[in-house]
Amino acid sequence: MKNEWKDMLNDAFYAPEAVKKKEFLRSIRQREMSSFEMIWQQAAYIRIHVWIFAVMIIAFAVFGAATGLGSTQHIIAMIMPFTASFSVIEAQRSKWCGMTELEMATRFSLRSVVLARMTILGAVTFVVLCVISPVISVAFDQGAVLTAVRILIPYLVTMIISLEAERSVIGRKTGYCPLMIAAVVSVFIYWMAGFETRMLLRYLDILESWGILIALGLLALTFAEQWKTINNVEAFA
Amino acid sequence: MNLTVDRITKQYKNKLAVDRISFRLSEGVTGLLGANGAGKTTLMRMMSGILEPTSGEIAVDGIPVQSEEYRALLGYLPQDFGYYPEFSAREFVLYIAALKGIEKKKARKKTEELLEVVGLSEVAGKKIRTFSGGMKQRVGIAQALVNDPKILILDEPTAGLDPKERVRFRNLIAEIGKDTIVLFSTHIVSDIEHIANNVLMMKEGQLIHEGAWSEDKGDLEKFYMEEFE
């Protein structure tokens, strides 16, 4: 009965045509997006190999610790520069794919996109470091902080040089400049361990005394370089 | 809604790419004509907030070009644009929608609608890298429209389109221009002569004509050819 009434009313009175519906919908302001939402959104667009690489480093650290592989820490220190170079390349991807103009003309701008990507990639490295440092530290009976510092320094050195190089004339034309820098840093670490044992011991002595200060200094320099990159990203586009 | 360009200048070392240009646009299609190197792209990049002018101001109803509020109203199609190689047409438009702050559900609906409009719904899931130039251009058009922009800046949008697509595109722009400020740059007069209510003509960084083109002024193409000979 109720439905019959409803149908009769529907037949008797036609719903009026929407007046300026489109204009009304367009006039509604879009809601603000929080920084967290922006970061979360960009995380979905980070390429899969970045995540796989991070998982592989953790897996290798666990494997090395479980099997007592003495050179685990050293190998990870050699791999970390490549993590840094992947981060720099990934954050600057818009440039190499010709997306800068489009991203700059969107509501959040290219600067926000690059900042969000750098935050995600930095967070990934932080998580990797937080997982592998205690694992290696316990397995090889070393101080956790010294372990973290030893792994972190090659990463930070590569990051600083890569960011600086990315802003240079050559870096702006050569997409894989950070990979070359990572290779040089990695080879240097290998050389220290393989042929100059005395040098490595000296390096470890320095790290023991000054490691935290050096790492903090390099971290500050990394932030400064990232800040410069973010501020220049639209000017260089 | 009024888009005001006030004495805008762009200087590169000792070359003036855009030289003290002023005009005001309201809803409707404005054609921007000029030969290659006339300064059209530089002007459009400044109007899209991508390039900072050396001097002058650009604002829409008092909202400056540098603000997020302005960019929220903007749809922009650059002359050349790239894409992330792993993107399909759908993913590309959804990505731009995300950067424009459109909610996921609404973005999905709008993306499908636009891909249908530009005739790409059947290949929406295919990678853009497999597309022809014209198809890529149509994806570009779709991304520019995804936020229902109130200002639409199109830099040579018909480049790479075949004659049939060109006509379809012109009709689409004419429809959008009814309630949107559309600035459409081209060096092909026929692209705009039937749909533009307003014509801007640039030569060597300066505006040499501004206003509606009526038949009593003669043939637009003839005038254009004379100016750029």
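Two residues count as being in contact here if their C-beta atoms, placed from the backbone, lie within 7 Å. Keep that in mind for the views below, and remember that this is a predicted model.

**View 1. Phe184(B) and the residues around it.** Let's start with one residue in chain B. Which residues is Phe184(B) in contact with, once its neighbours within four places in sequence are left aside? One run of partners is Val29(B), Thr30(B), Gly31(B) and Leu32(B). The others are Leu154(B), Pro157(B), Ile173(B), Ile192(B) and Ala196(B).

**View 2. The largest nonpolar core.** Phe184(B) turns up again here, as one of the residues that touch the most other members of a 120-residue core. It shares that role with Leu152(A) from chain A, and with Met47(B), Val93(B), Ala142(B), Ile153(B) and Leu183(B) from chain B. Which helix gives the most to this core? That's H8(A), with 13 residues. Chain B joins in too, with at least three residues from each of its domain 1 (1–73 + 149–229) and domain 2 (81–148).

**View 3. Met118(A) in helix H8 of chain A.** Here's a residue that sits in helix H8 of chain A. Is Met118(A) buried or exposed? Count the other C-beta atoms within 10 Å and you get 21. A residue needs 20 or more to be called buried, so Met118(A) is buried. Leaving out residues up to four places away in sequence, Met118(A) touches Ala91(A) and Gln226(A). Now look for Ile230(A): it is 112 residues from Met118(A) along the chain, yet their C-alpha atoms are separated by 9.4 Å.

**View 4. Where chain A meets chain B.** In this view, 19 residues of chain A are in contact with 24 residues of chain B. On the chain A side, the elements giving two or more residues are helix H2 (21–27), helix H7 (100–104) and helix H8 (109–139). H7(A) gives the most, with four residues. Sort that side of chain A by class and you find nine nonpolar, five polar and five charged residues.

**View 5. The two domains of chain B.** The domain assignment splits chain B into domain 1 (1–73 + 149–229) and domain 2 (81–148). Their centres, taken over C-alpha atoms, are 24 Å apart. The contact takes 11 residues from domain 1 of chain B and nine from domain 2 of chain B. On the domain 1 side, strand E7 (151–155) and helix H6 (163–176) are the elements that give two or more residues. H6(B) has the largest share of that side, three residues. By class, the domain 1 side divides into eight nonpolar, one polar and two charged residues.

**View 6. The two faces of helix H4 in chain B.** Helix H4 of chain B covers residues 104–117, which is 14 residues. At 1.5 Å a residue it should span 20 Å, and its end C-alpha atoms are indeed 20 Å apart, so the two agree. Which residues of H4(B) are buried? They are Ala107(B), Thr111(B), Leu114(B) and Leu115(B). These cover an arc of only 95° around the axis, which means they lie on the same side of H4(B). An α-helix has 3.6 residues a turn, so residues three or four places apart point the same way. The buried residues of H4(B) pack against helix H3 (89–99) and helix H5 (133–145) of chain B. On the face turned away from that buried side, you'll find the exposed residues Lys105(B) and Lys109(B). After H4(B) comes Gly119(B), whose phi is positive, near 75°.

Definitions and conventions
Residues numbered from 1 in each chain as written. Chains lettered and ligands numbered in written order. Predicted model: local features only at pLDDT ≥ 70, side-chain atom pairs only at ≥ 80, totals over all residues. Expected span 1.5 Å × (residues − 1). Buried ≥ 20, exposed ≤ 12 C-beta atoms within 10 Å, placed from the backbone. Arc of directions from axis to C-beta. Nonpolar A, V, L, I, M, F, W, Y, C, P; charged D, E, K, R; others polar. Domains from an automatic or database assignment. Core = buried A, V, L, I, M, F, W, Y, C linked by C-beta atoms within 7 Å.
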